Amino acid sequence: MDFDSLLTDRVLGIDASGVRRAFDLAASLEDPINLSIGLPHFDVPEAVKAEAQAAIGRGMNRYTPTQGLGELRERVMAELMTGYPETLVASGGGAGGVRGWPEDTGLLITSGVSGGLMLLMLSVLQPGDEVLIPDPFFVMYKHLVTLSGATPVYVDTYPDFRLTAERVEPLITERTKLLLLNSPGNPTGVVSTQGEIDALSALCTERGVLLCSDEIYDLFTFDEGELPSPLRTTRHAVVLRGFSKTYAMTGWRLGYAFGPRAVLEQMTKLQQYSFVCAPSTAQSAGVVAMDADVSGYVAEYRARRDRVVERLSGLYELTAPGGAFYAFPKVPEHLGMTGTQFTESLIERNVICIGGGVFSQRDTHFRISYACDEDTLERGLDVLVSVVN
Ligand code: PLP
């Protein structure tokens, strides 16, 4: 039987080669200087591991309610209401049994932010719809959009990687359904300002476009003050947050989505018939994770960000990252190479970075992840400095 002939255009349209190549290389090189990894270098906090084990022992091994374990939902709601009292505390509100939680707002515990993204797109997109995606972007976005039958429309944010209303506005058409915002951003580390977000949010409201804010790196911000978010001024955006990066729980598949109830109800229905629920033990452990203090790691990443900027500025065109754990320098023009060619040349020196073409319609930059130990980063930076000289 010709199994290939069974495959859909939908799935064949996905080219996973760029990222897979980095994984394959990491496996094939002996002791590579790996600056390609998109997850924290530290391990899950001990208390979180202990709770997962205890939860298994207690019999927390069954389906949870589709919308998530009550204890975790209540904890997340309480945290959100404390963080965003102006928008998320409604007088008389009490949805989900939590006092003050607005009736028009839903919350769903998801299988990672990826799970939330997929449910959102399947809930709001249909063939012919357009989705505005900042370019450069997190690789999954464009594929989930096409899987949903919609068309990605890229908002070019080079050279400063700022997603502004001025850049978005000319691209909105009758068919635009959704705008994706990712701050702190992967692969650039750029953090939007509250002013930029408010302008985007106002534009979306005016033009009937749903704003989705992927805040998976919310705790990894390096500048003083609170993370800018649409949540500071509205509860009409769909916000996605997760445990993968914050608590190094990438394999546990846990995140949450909240926003307009009409949308969240449909996402919940789809979760019931797909993921069913987020992993039960991860949900129990998630409650404990929310007490973990990761500020020490954030301080470490801040110092590494400073180091990357210090050593590469002047040699590479580089927008200083304000968060996450990535930097996205431009390949110096005098080298005459694309991002892909440059990262291939780095491999000859045992360094793995990811070429910008994986994250963008352009292939002029490359992504460095500094979620690695200090020594690896220094050795990687030595090579990056030496190759341009
Ligand atoms: N969103 C962004 C911007 C990411 O960088 C990632 C992971 O790299 C995800 C979502 C997916 O995260 P999760 O593990 O929660 O599915």
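Helices here are DSSP runs of H or I, at least four residues long, numbered from the N terminus. Keep that in mind for the labels below. The model is predicted.

**Stop 1: Ala50**

Select residues 46-57. This is helix 3, and Ala50 sits in it. Is Ala50 buried, exposed or partly exposed? Buried means under 20% relative accessible area and exposed means over 50%. Ala50 has 42%, so it is partly exposed. Now add Ala285 to the selection. It is 235 residues from Ala50 along the chain, yet the two C-alpha atoms are separated by 8.2 Å.

**Stop 2: the ligand**

Show the ligand and the residues around it. There are 13 of them. Which come nearest? Ser114, Asp214, Ser244, Lys245 and Arg253 do.

Take three of these side chains in turn.

- Ser244: an N or O atom of its side chain is 2.6 Å from an oxygen atom of the ligand.
- Lys245: a polar side-chain atom lies 2.6 Å from a ligand oxygen.
- Arg253: an N or O atom in the side chain is 2.6 Å from an oxygen atom of the ligand.

Next, turn on a surface. On its own, the ligand has 400 Å² of accessible area, and the protein covers 93% of that.

**Stop 3: strand 2 and its partner**

Select residues 105-110. This is strand 2, and six of its six residues are buried, so the strand is largely enclosed by the rest of the structure. Check one side: Thr105, Leu107 and Ile109. Then check the other: Gly106, Leu108 and Thr110. Both faces are covered.

Add residues 255-260, which make up strand 8. Six bridges join strand 8 to strand 2, and the two run antiparallel. For one bridge, pick Leu108 in strand 2; its partner in strand 8 is Ala257.

**Stop 4: strand 3 and its partner**

Move to residues 130-135, strand 3. Six of its six residues are buried. Glu130, Leu132 and Pro134 point one way. Val131, Ile133 and Asp135 point the other way.

Which strand pairs with strand 3 in the parallel sense? Select residues 151-156: this is strand 4, and the pairing runs over six bridges. Center on Val131 and find Pro152 of strand 4 standing opposite.

**Stop 5: Ser148**

Step back along the chain to the loop between helix 7 (140-147) and strand 4. Ser148 is there. Its relative accessibility is 10%, so Ser148 counts as buried. Look for a polar atom of the Ser148 side chain: the backbone oxygen of Leu144 lies 2.6 Å from it. Beyond residues up to four places away in sequence, Ser148 touches Met121, Leu122, Leu125, Gln126 and Pro127.

**Stop 6: Leu180**

Select residues 176-182, strand 5, and find Leu180 in it. Leu180 is buried, at 1% relative accessible area. What does Leu180 contact, leaving aside neighbours within four places in sequence? The list is Leu117, Met121, Val131, Leu132, Ile133, Pro134, Tyr141, Leu163 and Cys212. Four of these names may look familiar from strand 3: Leu132 and Pro134 point one way there, Val131 and Ile133 the other.

Asp214 returns here too. It is 34 residues from Leu180 in sequence, and the C-alpha atoms are 7.4 Å apart. Asp214 is also among the residues that come nearest the ligand.

**Stop 7: the nonpolar cores**

In soluble globular proteins, nonpolar side chains tend to be buried together. Here the largest nonpolar core has 60 residues. Color the members that touch the most others: Leu35, Leu120, Leu178, Leu180, Val308, Leu312 and Leu384. Then select residues 374-388, helix 14, which gives the largest share of this core, seven residues.

Zoom in on Val308. Not counting residues up to four places away in sequence, it touches Ser313, Leu318, Ala327, Ile368, Tyr370, Leu377 and Leu381.

A second core is separate and has 33 residues. Val44, Ala55, Phe258 and Val294 are included in it.

**Stop 8: the three-stranded sheet**

Finish with strands 9, 12 and 11. They form an open sheet in that order, with antiparallel pairing. Strand 9 (326-327) and strand 11 (354-355) are the edges; each has a single partner strand, so one side of each has no neighbour in the sheet.

Select residues 366-369 for strand 12, which pairs with strand 9 over two bridges. Pick Tyr326 last: its bridge partner is Ser369 in strand 12.

Notes. Residues are numbered from 1 along each chain as its sequence is written. This is a predicted model: local features need pLDDT of at least 70, side-chain atom pairs count only at pLDDT 80 or more; totals for chains, interfaces and linings use all residues. Side-chain values use heavy atoms; hydrogens and water are left out. A nonpolar core is a set of buried Ala, Val, Leu, Ile, Met, Phe, Trp, Tyr and Cys residues joined through side-chain atoms within 4.5 Å. Buried means under 20% relative accessible area, exposed over 50%, partly exposed in between (1.4 Å probe, protein chains only). Contact means heavy atoms within 4.5 Å. A residue is near a molecule or strand if one of its heavy atoms lies within 4 Å of it. A polar contact is a pair of N or O atoms within 3.5 Å; within protein, one must be able to donate a hydrogen and the other to accept it, and residues adjacent in sequence count only if both atoms are side-chain atoms. Accessible areas come from the Shrake-Rupley method with a 1.4 Å probe; for residues, only the protein chains shown count as cover. Two strands pair if DSSP finds at least two bridges between them.
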